[in-house]
Amino acid sequence: MSEALVLGGGGVAGIAWITGLLAGLAEAGQDVTGAGLLVGTSAGATVAAQLGSGLSLEELYARQADPARQSPELMAELDMEALGARMAAALGDTTTFTEMRRAIGGFSLAADTVSEPERRAVIEGRLPSHEWPERALKIVAVDAETGEPRVFDNSSGVGLVDAVAASCAVPGIWPPATIEGHRYVDGGVRSAVNADYAAGASRVLLILPLGQDEPLASEKPLAEALADLRAAGAEIAILEPDETSLAAIVTNPLDPASRTPAAEAGRAQGRTAKLNWS
């Protein structure tokens with residue numbers, strides 16, 4: 001049976017929560033980190049890359065929950081409602097999904113953010129290893145100029161740090177990442193989950209820090225992606241934050257101070273979570 005672990009976006013809080021959840025699941029005898037395929041988007045790209053670093057889950061958890069071991073992060077003020085309104089305005093009269101993604105990419109290119117080197121240094125600090133893992137890892141980003149998605153893997157010729165930086169480039173918050181002369185933004189512009197890239201797996205576990213909502217420019221809504229996976233014979237299970245975890249994540253998912261409470265809430269949830277395959 002081929003297994004895929006699909007990790008969605010959710011900021012630094014999402015990184016911490018996913019890591020805590022995985023540690024809690026393993027503690028309860030449900031270690032799911034050995035999946036043959038990892039698909040990561042934004043925060044999920046960071047965790048997927050960390051899982052291939054060679055560090056144990058306990059070590060990865062400590063890097064999220066223990067303030068003394070947390071890597072340096074940049075603070076970002078995030079007003080989800082205001083950001084959503086600005087993105088909606090940027091979409092204007094676009095009609096196709098590619099046009100929508102291109103418009104959001106243009107919005108991101110024009111935004112006043114920290115420099116690329118500053119942001120890349122943050123991603124470097126997050127990843128214990130900067131080498132691609134031996135197992136299959138897909139990291140999703142979107143070309144800011146063309147609106148086309150791109151999936152980075154260990155055969156793409158792109159460094160792991162750059163791939164993760166691209167997937168984590170939240171429009172309007174962080175600078176698009178430059179790779180091979182192209183500028184890339186967060187893979188969440190296409191889909192917060194990008195579950196369809198797990199096609200071919202017979203069992204797919206989705207971990208969704210921000211739930212099942214999809215972005216405005218999502219060409220492949222989650223419900224449709226799941227229907228296609230099931231039609232191809234895959235069993236699917238989904239884990240979303242419980243009430244305590246959600247409270248730790250949603251206030252400001254980009255606030256570095258959210259990491260400890262989100263990691264702890266995720267671990268507590270993972271200890272009791274049930275994987276319902278269907």
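A cavity is a set of grid points where a 1.4 Å probe fits among the protein atoms but cannot get out. The structure in the viewer is a predicted model, and this tour begins with its enclosed spaces.

**Stop 1: the largest cavity**

A search of the whole structure finds 2 cavities of 30 Å³ or more. The largest cavity holds about 70 Å³ of space. To display its lining, select Val12, Ile15, Gln50, Arg63, Gln64, Ser71, Glu73, Arg126 and Arg259. Which helices each supply at least two residues of this lining? They are α1, residues 11-27, and α3, residues 57-65. Colouring the lining by residue class gives 2 nonpolar, 3 polar and 4 charged residues.

**Stop 2: helix α2**

Gln50, which belongs to the lining of the largest cavity, is also one of the buried residues of α2. Select residues 43-51 to show the whole of this helix. How many of its 9 residues are buried? The count is 9 of 9, and the helix is described as mostly covered. The buried residues include Ala43, Gly44, Thr46, Val47 and Leu51.

From glutamine 50, draw a distance to aspartate 213, using the C-alpha atom of each residue. The separation is 25 Å, and the two residues stand 163 residues apart along the chain. Aspartate 213 is placed in the loop between β7 and α8. With a relative accessible area of 62%, aspartate 213 is exposed, whereas Gln50 is buried.

**Stop 3: the loop between β7 and α8**

Remain in this loop and select leucine 210, which lies between β7 (203-207) and α8 (222-231). Its relative accessible area is 38%, so leucine 210 counts as partly exposed. Now add Leu246 and Val250 to the selection. Together with Leu210 they form a nonpolar patch on the surface, with about 230 Å² of accessible area.

Leu210 also has a place in the lining of the second largest cavity. That cavity has a volume of about 30 Å³. To complete its lining, select Gly8, Gly9, Ala192, Val193, Leu208, Pro209 and Gly211 along with Leu210. How many residues of this lining are nonpolar, polar and charged? There are 5 nonpolar residues, 3 polar residues and no charged residues.

**Stop 4: two residues with positive phi**

Most residues other than glycine have a negative phi. Two residues with a positive value can be selected in turn.

Start with asparagine 194, in the loop between β6 and β7. Its phi is near 55°. Is asparagine 194 buried or exposed? It is buried, because its relative accessible area is 0% and the cut-off for a buried residue is under 20%.

Next, select glutamate 180, in the loop between β5 (177-179) and β6 (182-186). The phi of glutamate 180 is likewise near 55°. At 52% relative accessibility, however, glutamate 180 counts as exposed, since the cut-off for that class is over 50%.

**Stop 5: salt bridges**

Side chains of opposite charge can pair when their charged atoms come close. The model contains 10 salt bridges, and three of them are visited here.

With glutamate 180 still selected, add arginine 150; their side chains meet in a salt bridge of 3.1 Å from N to O. Arginine 150 lies in strand β4 (residues 149-152) and glutamate 180 in the loop between β5 and β6, so the pair ties together parts that are 30 residues apart in sequence.

Next, select arginine 190 and aspartate 196, whose side chains form a salt bridge of 2.7 Å from N to O. Are these two residues buried or exposed? Both arginine 190 and aspartate 196 are buried.

Finally, select arginine 271 and glutamate 27, which form a salt bridge with their closest N and O atoms 3.0 Å apart. Because arginine 271 is in helix α10 (residues 259-272) and glutamate 27 is in helix α1, this pair ties together parts that are 244 residues apart in sequence. Arginine 271 is partly exposed, at 41% relative accessibility, and glutamate 27 is partly exposed as well, at 45%.

To end the tour, extend this selection with Glu58 and Arg267. Together with Glu27 and Arg271, these residues are linked in a network of salt bridges.

Note on methods:
Residues numbered from 1 in each chain as written. Predicted model: local features only at pLDDT ≥ 70, side-chain atom pairs only at ≥ 80, totals over all residues. Heavy atoms only, no water. 1 Å grid on protein atoms, 1.4 Å probe; cavity = no way out; pocket = protein on both sides within 12 Å on 5 of 7 lines; lining within 4 Å. Points joined across faces, edges and corners; volume = space filled by probe spheres on them. Helix = DSSP H or I, 4+ residues; strand = E, 2+ residues; numbered from the N terminus. Nonpolar A, V, L, I, M, F, W, Y, C, P; charged D, E, K, R; others polar. Patch = residues over 30% accessible without salt bridge, like charges linked within 9 Å, V, L, I, M, F, W, Y side chains within 5 Å. Areas by Shrake-Rupley, 256 points an atom, 1.4 Å probe, with all protein chains shown as cover. Salt bridge = Lys/Arg side-chain N within 4 Å of Asp/Glu carboxyl O. Buried < 20%, exposed > 50% of the residue type's maximum accessible area, 1.4 Å probe, protein only.
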